[in-house]
Amino acid sequence: MSQTGTDRVKRGMAEMQKGGVIMDVVNAEQAKIAEEAGAVAVMALERVPADIRAAGGVARMADPTIVEEVMNAVSIPVMAKARIGHITEARVLEAMGVDYIDESEVLTPADEIYHIKKDDYTVPFVCGCRNLGEATRRIREGASMLRTKGEPGTGNIVEAVSHMRQVQSQIRHLRGLSEDEVMVYAKENGAPFDLLMEIREEGRLPVVNFAAGGIATPADASLMMQLGADGVFVGSGIFKSNNPEKFARAIVEATTHYDDYKLIGELSKDLGTAMKGMEMSNLTPEQRMQDRSQ
Amino acid sequence: MTTIGVLGLQGAFREHIRSVEATGSKAIVVKRKEQLEEIDGLIIPGGESTTIRRLIDRYEFLEPIRQFGESGKPIFGTCAGLILLASEIDGSYDVHLGVMDIKVRRNAFGRQRESFEASLDIEGVADDFNAVFIRAPYIEGVGGNTKVLARYDGHIVAAQQDQYLACSFHPELTDDHRLTEHFVKMVEETNKTLAL
């Protein structure tokens with residue numbers, strides 16, 4: 001008797017990724033560079049977030065040819081993005097055998113109100129969150145892994161920092177609440193009461209929470225690990241830099257040894273130019289991907 | 001007191017620490033090869049075997065871990081850890097530590113959607129053990145000196161060869177600590193023998 005698609009199997013898969021770096025790739029060649037550099041998984045995309053920003057228009061699930069090409073190129077897990085609420089894109093990716101689906105605000109949402117009911121799927125999902133309310137709603141919908149939303153494709157870490165700090169701080173606050181206060185807190189944050197009680201008891205989320213959205217340097221990766229991230233996603237940062245191989249290796253090492261500052265100093269030498277960043281105040285409300293879902 | 005180290009380069013090492021502590025032993029995260037001096041037994045956790053291997057190379061862990069095992073000190077590899085211990089890997093993939101006489105197949109049960117949990121009988125260790133398999137490898141064949149401890153669907157998923165213990169699944173993801181306990185006992189017994 002065996003069971004597939006259980007919470008333990010889906011969440012466990014994310015546990016195995018801890019302390020690792022998940023890299024965005026757009027073809028087999030980049031996927032191999034990522035694997036060689038020590039990535040724990042790759043995210044197969046048609047365009048990295050910075051290019052999605054530049055291209056404008058509607059961003060959708062990648063062409064399955066690209067996803068397949070990446071799946072055939074590497075032996076590490078392959079993730080892919082589906083639009084928020086796009087049940088069919090998610091089912092297609094599941095049928096293709098993708099190892100993890102990112103229901104992602106980087107793509108243009110297909111549904112402005114509802115997310116996918118993710119516990120219906122055998123494949124696990126990762127979702128973005130900015131606070132404990134979003135985190136717990138996504139978990140209750142069936143997300144097996146979380147990540148900060150940050151502000152993707154900007155090369156600016158400020159939003160990811162804010163989202164990681166917010167979730168951590170809310171968990172600390174929750175631990176000090178009495179049971180009757182948790183009910184009001186649940187109401188105010190739109191968070192499922194029973195899940196809040198569980199988090200209050202355990203002192204942590206029941207799934208891993210990675211950092212994502214704006215990580216551009218090894219020092220950024222280390223910063224997010226110090227703030228309590230279980231691992232990092234690097235999107236545009238690697239293949240928008242001058243020397244992707246070196247950059248990818250440096251980010252992996254900085255994530256493993258995030259508190260070894262001498263090492264991070266060494267890793268940061270002569271990396272070439274990091275991606276050009278964007279200042280948050282220059283983004284119009286429509287350009288803020290993090291606000292595309294609640 | 002027995003100290004168990006858990007290789008902490010990447011993967012689910014904190015869960016192993018918790019599991020060892022639940023058996024009443026001391027556990028430390030090993031991130032530097034010098035720390036091998038401080039421990040009596042080593043657990044190589046689940047994670048991505050290719051990632052862990054890259055980091056093992058970069059921090060020159062390969063030879064020190066081999067020597068650690070050859071000195072008679074026990075090593076327990078789970079999932080990715082099992083792949084790292086194997087002397088032969090299907091598909092001519094690079095052999096890593098190569099200290100255990102087993103041939104393994106990576107991702108042998110399929111991709112993530114085929115990952116599963118099942119109840120196993122582990123010979124001499126535990127009956128009805130809830131085993132969690134995640135993109136798991138299995139053992140295709142073992143050398144004469146290696147004892148098969150458990151099979152699933154006919155495939156070998158746990159084995160022991162002297163001081164080396166390996167399994168395809170993740171004992172650290174459940175609250176059943178019987179397999180970890182078995183390893184801790186192996187370490188305690190070795191401690192006594194090495195002290196003589």
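A residue is called buried here when its relative accessible area is under 20%, and exposed when that area is over 50%. The structure is a predicted model, and the description below begins with a helix to which this definition applies.

**Helix 2 of chain A**

In helix 2 (residues 28-37) of chain A, 7 of the 10 residues are buried, so the helix is largely enclosed by the rest of the structure. The buried residues are A:Ala28, A:Gln30, A:Ala31, A:Ile33, A:Ala34, A:Glu35 and A:Ala37. Their cover includes, from chain A, strand 2 (21-25), strand 3 (41-44), helix 4 (64-73), helix 11 (236-239) and helix 12 (244-256), and it also includes helix 2 (49-58) of chain B.

**Helices 7 and 9 of chain A**

Two packed helices are described by the angle between their axes and the distance between the axes. For helix 7 (residues 158-175) and helix 9 (residues 193-202) of chain A, the angle is about 85° and the axes lie 8 Å apart. Because angles of 65 to 115 degrees count as roughly perpendicular, helix 7 of chain A is placed in that class relative to helix 9 of chain A. On the side of helix 7 of chain A, the contact is made by A:Ile171, A:Leu174 and A:Arg175, while helix 9 of chain A contributes A:Leu196, A:Ile199, A:Arg200 and A:Glu201. Sorted by class, this contact holds 4 nonpolar and 3 charged residues, with no polar residue among them.

Helix 7 of chain A also contains A:Arg165, a position at which UniProt, in an unreviewed entry, places the feature "binding site".

**Cysteines**

How many disulfides does a search of the whole structure find? Over all chains the number is 0. Neither of the two cysteines in the table takes part in a disulfide, as stated for A:Cys127 and for A:Cys129. Since a disulfide requires a pair of cysteine sulfur atoms within 2.5 Å, the distances of 9.0 Å in the table do not meet that cut-off.

| Cysteine | Nearest cysteine sulfur | Distance | Relative accessibility |
|---|---|---|---|
| A:Cys127 | A:Cys129 | 9.0 Å | 1% (buried) |
| A:Cys129 | A:Cys127 | 9.0 Å | 0% (buried) |

**The start of chain B**

B:Thr2 lies in the segment before strand 1 (3-7) of chain B. With a relative accessible area of 11%, B:Thr2 counts as buried. When neighbours within four places in sequence are left aside, the contacts of B:Thr2 are with B:Ser25, B:Lys26, B:Asp40, B:Val187, B:Glu188 and B:Asn191.

Definitions and conventions. Residues are numbered from 1 along each chain as its sequence is written. Chains are lettered from A and ligands numbered from 1 in the order in which they are written. This is a predicted model: local features need pLDDT of at least 70, side-chain atom pairs count only at pLDDT 80 or more; totals for chains, interfaces and linings use all residues. Side-chain values use heavy atoms; hydrogens and water are left out. Buried means under 20% relative accessible area, exposed over 50%, partly exposed in between (1.4 Å probe, protein chains only). Axes are lines fitted to C-alpha atoms, for helices over the stretch in contact, and angles run from 0 to 180 degrees between N-to-C directions. Helices (H or I, at least four residues) and strands (E, at least two) are DSSP runs, numbered from the N terminus. Angles under 35 degrees count as roughly parallel, over 145 as roughly antiparallel, 65 to 115 as roughly perpendicular and the rest as oblique. Contact means heavy atoms within 4.5 Å. Ala, Val, Leu, Ile, Met, Phe, Trp, Tyr, Cys and Pro count as nonpolar, Asp, Glu, Lys and Arg as charged, and the others, Gly among them, as polar. UniProt positions are given in the numbering used here, feature names are shortened, and annotations may be inferred rather than shown by experiment.
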